[in-house]
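Here are a few exercises to work through with the viewer open. Try each task before you read its solution.

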Amino acid sequence: MSLPRLRAVLGRLTAYQATEGVHTAAARTRPLSANESPHDPLPGIAEAIADAASTVNRYPDPGCGELTRAIARRHGITDDRVVVGAGSVALLQTLMQSVGDPGTEVVYAWRSFELYPVLADLAGLRSVRVPLVDGAHDLPAMADRVTDATRLVLLCNPNNPTGTVVTGEALRTFLARTPATCLVALDEAYYEYARDPAASSGLDLCAAHPNLVVLRTFSKAYGLAGLRVGYLVGHPRVTEQLRKACLAYAVNGVAQRGAVAALGVEDQLLRRVEATVAERGRVRDALAAHGWDVPAGHANFLWLRLGDASAEFGRWCTGKGIAVRTFPGEGVRVSIGCAEDNDVFLAASAAWLTRTPAGARAVSGAVESRAAQR
Ligand SMILES: *Cc1c(COP(=O)(O)O)cnc(C)c1O
């Protein structure tokens, strides 16, 4: 049978898959795999969404005017610096499609966000992956990899899945070394959760660096993952071009109204973030008390460096009704959920450590590596 011809790159990609069990109606799975907010939408947001539902026979505002103005006001910048997209992944796709012709390069750290290589491949960009050092971006090494062929550098701050931050000083040094003709995109999807005093947002640097764009999202701290809204802040001459590359009407009217409402109750949402940060500390302390060596995380998840035991631990969690994100051979990322789900995870991980040979080895390995560091 002859099938229609499609681009060869599609044959090499695998479809994005959410962790098993999360989107089926079966027995309740503890959703700790996608870094979502565990909280229901606040009443004001739910009402705005319900209200907007009655207008869906009409097309949305393609320019996202009201939302763009609300975001600009929130950051004290002019509207022309803001581009709204259907989730920050849509804006990442727009960036990848806009920066370079096939064969040009995008530089990013690895391991980082799983969609970077996929979007680069789809856009025909060549990926240059620079290994993390101790789970963190190696900015000097990344700067070394920027050449005439580089059109874009992606920095994920805090990094998904390792939870490390890029310090303000490292970022400024990196920008000083990067040619003004090469775009640098800072993906700050988890910025609201970062508490490291050395971390700093790229937003303050945008005015001085026309080649810098910052991506933020309503999916994590603002609790609207299901609505699909993100935005980009950059130089007006850059945003003006990027806006042309965005799919018209991609951000629906319900999402626009929901996001405006979220900005209206931001104080309450950021208090919820504070609670998640406290839970992150509690979960990490409990894991440490079990003998587990877990690095400090600056997002709404923790990174368990389990190496070869990752797949087994991931299956163990699945068996206990907990969805986590497994990176075989590397580690397991567990989101910070509601206290109850976190407790179920802590009980499952404690049981794994005591009842399985791999678990026992994971703890003794951690104890040895801590001893070696002393
Ligand atoms: C979750 C996440 C996003 C957000 O994606 P949306 O499309 O806005 O939901 C972006 N970047 C990273 C690194 C993420 O983990």
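For sorting residues by class, Ala, Val, Leu, Ile, Met, Phe, Trp, Tyr, Cys and Pro count as nonpolar, Asp, Glu, Lys and Arg as charged, and the others, Gly among them, as polar. Keep in mind that you're looking at a predicted model.

**Exercise 1: the ligand shell**

Task: work out how the shell around the ligand splits by class, and which residues come nearest.

Solution:
- Start with the head count: 13 residues sit around the ligand.
- Next, sort them, and you get five nonpolar, five polar and three charged residues.
- Then pick out the ones that come nearest: Tyr190, Thr217, Ser219, Lys220 and Arg228.

**Exercise 2: polar contacts and cover**

Task: find the partners of the ligand's oxygen and nitrogen atoms at Ser88, Asp187 and Tyr190, then say how much of the ligand is covered.

Solution:
- Use a cut-off of 3.5 Å between N or O atoms for a polar contact.
- At Tyr190, an N or O atom of the side chain is 2.6 Å from a ligand oxygen.
- At Asp187, a polar side-chain atom lies 2.7 Å from a ligand nitrogen.
- Ser88 uses its backbone instead: an N or O atom there lies 2.7 Å from a ligand oxygen.
- Now for the cover: on its own the ligand has 390 Å² of accessible area, and the protein covers 93% of that.

**Exercise 3: helix pairs**

Task: classify the packing of helix 2 with helix 9, helix 11 with helix 12, and helix 4 with helix 5.

Solution:
- You'll need the bins: angles under 35 degrees are roughly parallel, over 145 roughly antiparallel, 65 to 115 roughly perpendicular, and the rest oblique.
- Helix 2 (residues 43-53) meets helix 9 (residues 253-264) at about 155 degrees, with the axes 8 Å apart. So helix 2 is roughly antiparallel to helix 9, and the crossing is right-handed.
- For helix 11 (residues 310-319) and helix 12 (residues 339-355), the angle is about 130 degrees and the axes are 10 Å apart. That makes helix 11 oblique to helix 12; helix 11 passes helix 12 in a right-handed crossing.
- Helix 4 (residues 88-99) packs on helix 5 (residues 115-123) at about 40 degrees, axes 9 Å apart. The two are therefore oblique, and their crossing is right-handed.

**Exercise 4: backbone oddities**

Task: check omega at Pro158 and Pro161, check phi at Cys64, and place each residue.

Solution:
- Asn157 and Pro158 are joined by a cis peptide bond, with omega about -5 degrees.
- From Asn160 to Pro161 the bond is cis too, with omega near 15 degrees.
- Where do they sit? Pro158 is in the loop between strand 5 (150-156) and helix 7 (168-177), and Pro161 lies in the loop between strand 5 and helix 7 as well.
- Finally, Cys64 has a phi near 50 degrees, a positive value in a residue other than glycine. Look for Cys64 in the loop between helix 2 and helix 3 (65-75).

How values were computed
Residues are numbered from 1 along each chain as its sequence is written. This is a predicted model: local features need pLDDT of at least 70, side-chain atom pairs count only at pLDDT 80 or more; totals for chains, interfaces and linings use all residues. Side-chain values use heavy atoms; hydrogens and water are left out. A residue is near a molecule or strand if one of its heavy atoms lies within 4 Å of it. A polar contact is a pair of N or O atoms within 3.5 Å; within protein, one must be able to donate a hydrogen and the other to accept it, and residues adjacent in sequence count only if both atoms are side-chain atoms. Accessible areas come from the Shrake-Rupley method with a 1.4 Å probe; for residues, only the protein chains shown count as cover. Axes are lines fitted to C-alpha atoms, for helices over the stretch in contact, and angles run from 0 to 180 degrees between N-to-C directions. Helices (H or I, at least four residues) and strands (E, at least two) are DSSP runs, numbered from the N terminus. A crossing is left-handed if the near helix is turned anticlockwise from the far one by less than a right angle, and right-handed if clockwise.
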